[in-house]
Amino acid sequence: MKNTFFYLIFLGIVLWNCGSEEAKLQDYDLLSYGVPMSIRVPVDSPSVKTSDGFLGEKEVSVKAGKGYDLLIMYAPASTSDLAQLKAEQVANVKDIPTFSKIVEEEEAGFVYESKIDSTTSFYGFRYIRLQGDQRYLFQSGLIGTFSLEEVNKMYASVKPQE
């Protein structure tokens with residue numbers, strides 16, 4: 001009887017830990033902010049702000065909880081060639097003085113590492129979605145530094161759910 005109790009407690013802990021990350025994310029519709037799609041955000045009351053970018057594009061900033069700071073920029077697409085749009089973003093990131101390396105790369109996006117010095121690294125990402133004649137660029141927020149785990153969570157949250 002005593003062993004059964006401990007097995008039940010252990011099973012409860014395992015089940016709670018297995019679902020904890022996914023349970024902390026919720027679908028969030030961005031249509032009312034000019035972005036006709038949904039992303040997954042932490043349940044910690046997302047804060048969303050809109051603004052006009054420096055180059056005429058529209059910007060939507062989504063912040064939720066610690067380590068979730070997302071910037072979405074959208075404008076008419078200059079091309080429907082996703083590879084070209086991604087190559088432009090890779091080139092832009094490689095121009096950042098602290099850029100170190102591309103950590104992960106996919107057809108529509110990538111995660112990269114930046115290093116301030118030999119002991120301090122932080123991460124960012126870029127992800128592109130084409131919809132109609134619009135280009136949507138998702139990236140980690142511009143203020144603050146993010147761990148690889150935080151960036152991977154944001155990166156996964158903006159990719160279409162399959």
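In the predicted model, Lys-115 has Ser-121 of strand S8 as its bridge partner. The pairing that involves strand S7 (residues 109-117) and strand S8 (residues 120-131) is antiparallel and extends over 8 bridges.

Strands S7 and S8 belong to an open sheet of 7 strands, arranged in the order S3-S4-S5-S9-S8-S7-S6 with antiparallel pairing. The edges are formed by strand S3 (47-52) and strand S6 (99-105), each of which pairs on one side only. On average, and with direction ignored, neighbouring strands of this sheet are turned by 20 degrees against each other.

Two helices were examined with respect to the sheet. Helix H2 (residues 82-94) packs on the sheet and touches S6, S7, S8 and strand S9 (134-140). The direction of H2 makes about 155 degrees with that of S8. Helix H3 (residues 148-158) also packs on the sheet, where it touches strand S5 (69-76), S6, S7, S8 and S9. For H3, the angle between its direction and that of S8 is about 5 degrees.

The largest pocket has a volume of about 430 Å³. Its lining consists of 20 residues, and those nearest the centre of the pocket are Leu-55, Glu-57, Met-73, Arg-135 and Leu-137. Two or more lining residues are contributed by each of the elements S5, H2, S8 and S9. Classified by residue type, the lining of the largest pocket comprises 10 nonpolar, 5 polar and 5 charged residues.

Key: Residues numbered from 1 in each chain as written. Predicted model: local features only at pLDDT ≥ 70, side-chain atom pairs only at ≥ 80, totals over all residues. Heavy atoms only, no water. Pairing = 2+ DSSP bridges. Helix = DSSP H or I, 4+ residues; strand = E, 2+ residues; numbered from the N terminus. Axes fitted to C-alpha atoms, helices over the stretch in contact; angles between N-to-C directions. Contact = heavy atoms within 4.5 Å. 1 Å grid on protein atoms, 1.4 Å probe; cavity = no way out; pocket = protein on both sides within 12 Å on 5 of 7 lines; lining within 4 Å. Points joined across faces, edges and corners; volume = space filled by probe spheres on them. Nonpolar A, V, L, I, M, F, W, Y, C, P; charged D, E, K, R; others polar.
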